[in-house]
Amino acid sequence: MVTIAIANQKGGVGKTTTAVHLADGLARKGHRTLLVDLDAQGNATSIFSDPPSREESVHELFRSRTAASELQRSTRNENLFLLPSVLELAEIETLLAGNVDGFFRLREGLKYANNAPGYIVMDCPPNLGLLTLNAFIAADYCILPIMASRFSLDGIRTMLDTLETVHHRFSQELKILGALMTMYNDRTAISGAVLEPVEEMISVFKTRISRSVQVEEAHLMRQTLFEYQPKGKITKEYEALIQEVLDGIEKG
Ligand SMILES: Nc1ncnc2c1ncn2[C@@H]1O[C@H](COP(=O)(O)OP(=O)(O)OP(=O)(O)O)[C@@H](O)[C@H]1O
Ligand SMILES: [Mg+2]
């Protein structure tokens, strides 16, 4: 079982799109995969499922320590399972903050007695609160989507410091797999100008995800690009990303 957190405290940088396509793509390659939606907005959930009740969602894992194996639901992709989110997840941070095991509930909840998924992909909310920290503590790897715009460098240092602290204090297993450039446009100077300083801080995936209206279109249809545009350019980019992720994990 390999757990991967998709995180960046900045909003709208492509975390959910990355998590959804990584999870769906891994499952399509035949890996039993669990997608964990940790964002109260429930964007990842909406691609694969109707909104669950609070008791059927990841909220219950945090509130009552129910195991993911009991809460996960199947999806139209036979190898893909979903641990859905609900709006009330926004309130869970207060409860977690008051509990000694508040940082560790996700790691505990993702333990499987049998039928463990090969991969777990966690979509984090746009902040460095307790849900994101739970994901870091549960994760073997972290991927940082970074949008190719000039404001997107803010906060990367904070994010790396947080990952470093988690690595030292809580989880020696946690490694940064890389930064992923999203909504990238080769033809704009700004994309290159963002890439360079990122490369100085952290390793960056060779694959870059282009900006494309097909992403919004697929989301509107509640489909992934593998369903909506199986042969599209951006679909191929996600396939290349998945291969790079698998190679990165193999290298350790
Ligand atoms: N490659 C792309 N090209 C064009 N639009 C994209 C691309 N990737 C994502 N988007 C769009 O950008 C918006 C933000 O993407 P996404 O929801 O994946 O980001 P996020 O980091 O999860 O946001 P949040 O912080 O709100 O959770 C969405 O409307 C999505 O459809
Ligand atoms: Mg999101």
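User: Leaving aside neighbours within four places in sequence, with which residues is Val121 in contact?

Analyst: This is a predicted model, in which local features need pLDDT of at least 70, side-chain atom pairs count only at pLDDT 80 or more, and totals for chains, interfaces and linings use all residues. Residues are numbered from 1 along each chain as its sequence is written, while chains are lettered from A and ligands numbered from 1 in the order in which they are written. Two residues are in contact if their C-beta atoms, placed from the backbone, lie within 7 Å. With neighbours within four places set aside, the partners of Val121 are Ile4, Ile6, Ala19, Leu22, Ala23, Thr33 and Leu35.

User: Which helix gives the largest share of the largest nonpolar core?

Analyst: Such a core joins buried Ala, Val, Leu, Ile, Met, Phe, Trp, Tyr and Cys residues through C-beta atoms within 7 Å; buried denotes 20 or more other C-beta atoms within 10 Å of a residue's own, with C-beta atoms placed from the backbone. The core has 73 residues, and Val121 and Leu35 are among those touching the most other members. Its largest share, 7 residues, comes from a helix (a DSSP run of H or I, at least four residues, numbered from the N terminus), namely α7 (residues 130-138).

User: Which residues are the closest to ligand 1?

Analyst: The shell around ligand 1 consists of residues whose C-beta atom, placed from the backbone, lies within 6 Å of the ligand. Of its 19 residues, the closest are Gly11, Lys15, Thr16, Thr17 and Pro126.

User: What percentage of the 252 residues in the chain is buried?

Analyst: The C-alpha atoms fill a box of roughly 50 × 40 × 35 Å along the principal axes. Of the 252 residues in the chain, the buried share is 45%.

Notes: A residue is buried if 20 or more other C-beta atoms lie within 10 Å of its own, exposed if 12 or fewer, and partly exposed in between; C-beta atoms are placed from the backbone. Helices (H or I, at least four residues) and strands (E, at least two) are DSSP runs, numbered from the N terminus.
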